[in-house]
Amino acid sequence: MKIPELLTSISGERIESAEKWEQFRRPEIMNLFSQYVYGVRPVERPRDLWFQTEKKVRGFGEQNITFEKITIHFSGYRFPVYAYFPLEVTEKLPAFVYVMHEFEEDRVDLENSIDFAYVDIREIIRRGYALFIMPTSGVAPDWDHKANYRRGVFPLFTPDERDRGSNAWGTISAWSWGASRVLDYIETDRRIDSEKVTVAGHSRGGKTALWCGATDQRFYCAISNNSGCTGAAMHRTKGGDHIKNINITDWFCENYRNYNDQEELLPVDQHMLLAAFAPRLVYVASSSEDDWADPKAERLSCRMAGEAYALYGKKGVVLPKEPIEVNRGYHEGCIGYHMKTGEHSITHYDWKMFLDFLDQKLGRK
């Protein structure tokens with residue numbers, strides 16, 4: 001299958017400068033993803049957005065951690081965010097926004113514990129970062145409730161589900177929209193360096209982090225862990241799951257269903273989404289036994305996105321020829337990468353790699 005050319009515009013013109021990339025090609029690519037994959041959002045920042053800190057605990061979990069429960073309000077709706085800070089903050093901190101999908105949320109106790117595998121809170125705090133966890137259930141229900149747009153934020157903007165267009169946003173876009181509202185709060189918090197905030201997620205949360213970071217260029221970096229199909233992995237070379245498998249959910253817009261078993265007709269591929277971050281940072285993590293996500297297809301996407309970074313005189317991903325070394329971080333370029341041993345998961349090893357990459361880019365090590 002022919003892969004769409006990253007630096008050729010819809011009109012057939014070759015893009016040869018960062019200026020033309022930003023003015024013409026990047027907007028074209030983002031519009032195609034919005035119309036045919038993730039869906040068009042009806043609004044960005046609500047005018048009546050406001051924030052409330054409902055709970056604060058110092059020494060949380062008997063650790064040097066301050067915990068806060070923050071509620072984000074708009075249009076009579078609200079959803080919670082769980083924040084963790086070093087006990088003593090002496091300078092503005094870089095931060096993470098972690099998109100926690102319902103499979104993870106159902107297995108943790110965010111208000112009473114820091115002992116769970118999905119996010120290494122202790123190490124994040126020890127390294128001098130703040131952390132904001134956004135459970136996706138507060139923004140929109142996950143796919144067990146598929147095709148029900150009468151719950152979550154959807155009815156605020158389209159009260160009658162029948163008025164939804166074929167390009168209307170799905171839950172991945174809604175969750176990414178929610179993560180941007182978390183960044184709106186962060187911009188009001190004087191403890192945080194709001195220009196050094198990374199959005200991160202695992203699996204469907206990784207897909208969300210990529211779309212969030214691409215649509216909201218305020219984010220310093222996005223981290224995609226095992227995101228696979230319609231995340232970091234290329235469609236046209238992919239094994240494991242494909243568009244038809246993933247479209248059993250309500251994660252994407254209705255137009256995306258037209259490409260079930262028709263990947264070759266899709267006007268974009270996922271290397272173009274990674275390229276939309278140029279010249280900012282993006283990180284892709286794979287697992288060696290995660291054939292459903294297809295690590296090789298994720299790496300190909302990283303490699304092909306490098307053309308956009310070259311327009312800025314920067315390196316994208318720096319990887320050797322296949323096969324690559326497992327359990328090693330490739331952190332030289334603006335696109336970071338590693339593949340750990342194991343199955344579909346996010347572990348403390350992954351967080352060590354993410355933190356090493358960010359510490360390096362922030363000049364903290």
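Visitor: How much space lies in the second largest pocket?
Guide: In this predicted model, the second largest pocket holds about 170 Å³ of space.

Visitor: And which residues line the second largest pocket?
Guide: The lining is made up of R26, M30, S34, G39, V40, R41 and E44, together with S173, W211, A214, T215 and Q217.

Visitor: Which helices each supply at least two residues of that lining?
Guide: Helix 1, which covers 18-38, and helix 6 each supply at least two residues of the lining of the second largest pocket.

Visitor: What's the mix there by class, nonpolar, polar and charged?
Guide: For the second largest pocket, the lining counts 4 nonpolar, 5 polar and 3 charged residues.

Visitor: OK, the largest pocket now: what volume does that one have?
Guide: The largest pocket has a volume of about 310 Å³, and its lining comprises 18 residues, among which S203, D241, I246, W251 and W292 lie nearest the centre.

Visitor: Which helices each supply at least two residues of the lining there?
Guide: Helix 6, residues 204-215, and helix 7, residues 243-246, each supply at least two residues of the lining of the largest pocket; by class, that lining has 7 nonpolar, 7 polar and 4 charged residues.

Visitor: Switching topic, how many residues has helix 5, and how far does it reach?
Guide: Helix 5 runs over residues 171-186, has 16 residues and reaches 23 Å from its first C-alpha to its last, which is close to the 22 Å expected at 1.5 Å a residue.

Visitor: Why is helix 5 described as largely enclosed?
Guide: Because 16 of the 16 residues of helix 5 are buried, this helix is largely enclosed by the rest of the structure.

Technical notes. Residues numbered from 1 in each chain as written. Predicted model: local features only at pLDDT ≥ 70, side-chain atom pairs only at ≥ 80, totals over all residues. Heavy atoms only, no water. Helix = DSSP H or I, 4+ residues; strand = E, 2+ residues; numbered from the N terminus. Expected span 1.5 Å × (residues − 1). Buried < 20%, exposed > 50% of the residue type's maximum accessible area, 1.4 Å probe, protein only. 1 Å grid on protein atoms, 1.4 Å probe; cavity = no way out; pocket = protein on both sides within 12 Å on 5 of 7 lines; lining within 4 Å. Points joined across faces, edges and corners; volume = space filled by probe spheres on them. Nonpolar A, V, L, I, M, F, W, Y, C, P; charged D, E, K, R; others polar.
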